[in-house]
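The following note sets out points for a colleague who is examining the structure. Each point takes up one region or one property of the chain.

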Amino acid sequence: MEMKKDKNLPVAVIGAGHAGIEAALASARMGVETVVFTMNLDAIGNMPCNPSIGGSAKGHLVFELDALGGEMGYAADRVTLQSRTLNLGKGAAVHSKRTQADRDEYKRHMKMALEAEKRLRIIQAEIVDIKVVDEGGARRVSEVITSLGESFAVSKVIIASGTFLESEIFVGDKVYSAGPDGMLAARGLSAALVREGIRLQRFKTGTPARVHRRSVRLERLELQEGEREIVPFSVRSADIPFDGANTPCHIVYTNERTHRIILDNLERSAMYSGNIVGTGPRYCPSIETKLVRFKDKPRHQLFVEPCGAHTEELYIQGFSTSMPTDVQYEMLRSLDGFEDAEIMRYAYAIEYDSIEPTQLLPTLEVKSISGLYGAGQFNGTSGYEEAAVQGLVAGINAALSVKGEEPMILPRSSSYIGTLIDDLVTKGTGEPYRMMTSRSEYRLILRQDNADMRLTEIGRRVGLIDDERYSAFLAKRDSIEREIKRLEHTNVAPTDEVNALLESLGSSKITTGTTLAALIKRPELSYRDLAPIDSDRVPLVRGAATTAEISIKYEGYIKRELAEAERQKHLENMRIPTDIDYSDIGGLRIEAREKLSEIRPLNLGQASRISGVNPADISVLMIRLEEMRRKRKT
């Protein structure tokens, strides 16, 4: 694609981390000419923190991203070193896949994915300014400018800057300007955003040291192997055999000596010296914060994970710190098996600028500037997966806007993606936001096994699911429905064979005929368990049996959640005019007026979730909306 300096580019993406990659690919794959700017081509898709994809609730996000047509799940499958499903001892709603990923291979895959996209251009350049024009009182983005002074006319801009905006690194009392992994910090863009009236906030995150494998006595650590039967993130991964994808990880624990070293040096930690002003993630704290917060806990579990198949670096998950280097050595060498540990990369904390996300619409477009979108850690989240799904949503909506089509807004009842974005734009966040299953009120219908059933139709509608994949989806959906019906209508007689099997599985005998579905509903029985007495069973496509089984086993609970989602849908469908004057609505409390005027919710459902707006305020607002509707009719 030949590009002239004055050529108008429909979509520009700033940053090629996990958010930027998904945004750029989505836009280009939807047929829109797109450019992505990155400060370093070799850092595309970098994993500056843990070498893994997925985890509790995060795995759900990756499955959902794949169902919509994103890339992260497929990339993670192709570079899997080990795969495990978390929370198997709990209900199906919280089962979450997590993989150890080869971070170098992941970067290689993502760089090639960007380079192979026909409508996508990649430029190594730092964007330091964004120009906004005023057209009849409406402001829109018009131009991006690089540090070399080159300008590009654009229609849409997606900021996916990660942790680079005005970023600073903290190691003990040492503070210096830098991005993660020794990269340069992004300078200038924050000032440009503030100039345009955007409110920024300061957040902090951190990472542990990396150590050389040869210096750790792994045989003294607890071995953690992965699963043998690997369920991939992506429906595109049918051709991946996952041979050798069971690289061992290990577990080690902190001890009394470790805790004494940390607490004796607490004032030397950047977190507790007063140097750091940014707010850190509550659910992924530094080891110092863990000891301060959980004083009575005698030890903390740490995971020793490989960074790749062709490197000797080991990552110590759970040991994030901003201690000075000498204390980092003491801390590490107090661990069993780490007495001679060699640090390859020191741990650090990093501060960076992000937007206050209540300034965003559910499309992730900035309310005050048309065509400007935010995604990822720029929006106040923490984690690769949270970043990627926002990038996908921003990229889709930017492309849809270029095409003049209706935006994609995912309700909370549709996905964890919808929950994440609604939380951000409606409630805001005072700390780096991390997705957890507890954040959703629809956990049982938002499982990772049915992500494709929930979202593939939407991915198809926006143009990211091709004919072949859509046909396979329809076939799988039909097979699930047929299997559920078959199980509900297949009778089982109380024969000796049947009762012997039930007894062997710790289940009570049957004295009258029943159905396979009724047996599956027993907590101690599974679909697989009943295979010996199910002679009519036919092979199903991957994942279909799991979804059919869960749909039967939790039928009553699922119906209740679906009914609640339907009731909430009534509020979501009650649109609020964008120009409504909340100060003119009698009966609204002052706090509610202020919050509603600030957030400008799109519908009554979103309004009901705003902190400071109570049910009485919603009733008043509902009455006003009904009055406005009747006036329009007359």
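1. Strand 8 and strand 9 (residues 151–159) are paired antiparallel through three bridges. Within this pairing, Ile145 has Ser151 of strand 9 as its bridge partner. Four residues separate the two strands of the hairpin, and Gly149 has a positive phi near 90 degrees there. The model is a predicted one, and the points below should be read accordingly.

2. Strand 8 (residues 138–146) also pairs with strand 7 (residues 127–135), again in the antiparallel sense, over eight bridges. Val133 is matched there with Arg140 of strand 8. This hairpin has two residues between its strands, and Gly136 in the turn shows a positive phi of about 65 degrees. Strand 8 is thus a member of two hairpins, one with strand 7 and one with strand 9.

3. On the overall architecture, the protein chain contains 20 helices and 22 strands. Its radius of gyration is 26 Å, close to the 26 Å given by the globule rule for 634 residues, so the chain is as compact as a globular protein of that length. Along the principal axes, the C-alpha atoms fill a box of roughly 80 × 80 × 55 Å.

4. Burial and contacts may be considered together. Of the 634 residues, 57% count as buried. The accessible surface of the chain is about 27000 Å², and carbon and sulfur atoms contribute 49% of that area. Among contacts with a separation of 6 or more, 72% are between residues 24 or more positions apart.

5. An open sheet of six strands deserves separate mention; its order is 14-15-16-17-13-18, and the pairing is antiparallel. Strand 14 (222–224) and strand 18 (343–345) occupy the edges with a single partner strand each, so one side of each has no neighbour in the sheet. From one strand to the next, the twist averages 35 degrees. At the strand 14 edge, three bridges connect this strand to strand 15 (residues 249–253), and the two run antiparallel. Leu223 is found opposite His250 of strand 15.

6. Which residues of helix 14 (residues 496–504) are buried? They are Val498, Asn499, Leu501 and Leu502. Viewed down the helix axis, these residues fall within an arc of 160 degrees, so they line one face of helix 14. The cover over them includes strand 21 (491–492) and helix 15 (516–520). Asp496, Glu497 and Ser504 are exposed on the other side of the helix. Just after helix 14 comes Gly506, with a positive phi of about 75 degrees.

7. Strand 12 (residues 200–207) has six of its eight residues buried, so this strand is largely enclosed by the rest of the structure. Strand 12 pairs antiparallel with strand 19 over eight bridges, and Arg202 has Asp353 in strand 19 as its bridge partner.

8. Ser354 belongs to strand 19 (residues 348–355). Is this residue buried or exposed? Its relative accessibility is 0%, and Ser354 therefore counts as buried, the cut-off being under 20%. When neighbours within four places in sequence are set aside, the contacts of Ser354 are Arg199, Leu200, Gln201, Phe203, Gln377, Phe378 and Gly380. Leu200, Gln201 and Phe203 are among these contacts, and strand 12 covers residues 200–207.

9. Two residues merit a check of their backbone geometry. Most residues other than glycine have a negative phi. Leu364 is not a glycine, yet has a positive phi of about 75 degrees. Leu364 is located in the loop between strand 19 and strand 20 (372–374), and is buried, with a relative accessible area of 0%.

10. Asp181 is the other such residue to be noted here: its phi is positive, near 55 degrees, and it is not a glycine. Asp181 sits in the loop between strand 11 (174–177) and helix 5 (189–195). Its relative accessible area of 23% makes Asp181 partly exposed, whereas Leu364 is buried.

Methods:
Residues numbered from 1 in each chain as written. Predicted model: local features only at pLDDT ≥ 70, side-chain atom pairs only at ≥ 80, totals over all residues. Heavy atoms only, no water. Pairing = 2+ DSSP bridges. Axes fitted to C-alpha atoms, helices over the stretch in contact; angles between N-to-C directions. Rg over C-alpha atoms; globule rule 2.2 N^0.38 Å. Buried < 20%, exposed > 50% of the residue type's maximum accessible area, 1.4 Å probe, protein only. Contact = heavy atoms within 4.5 Å. Areas by Shrake-Rupley, 256 points an atom, 1.4 Å probe, with all protein chains shown as cover. Arc of directions from axis to C-beta.
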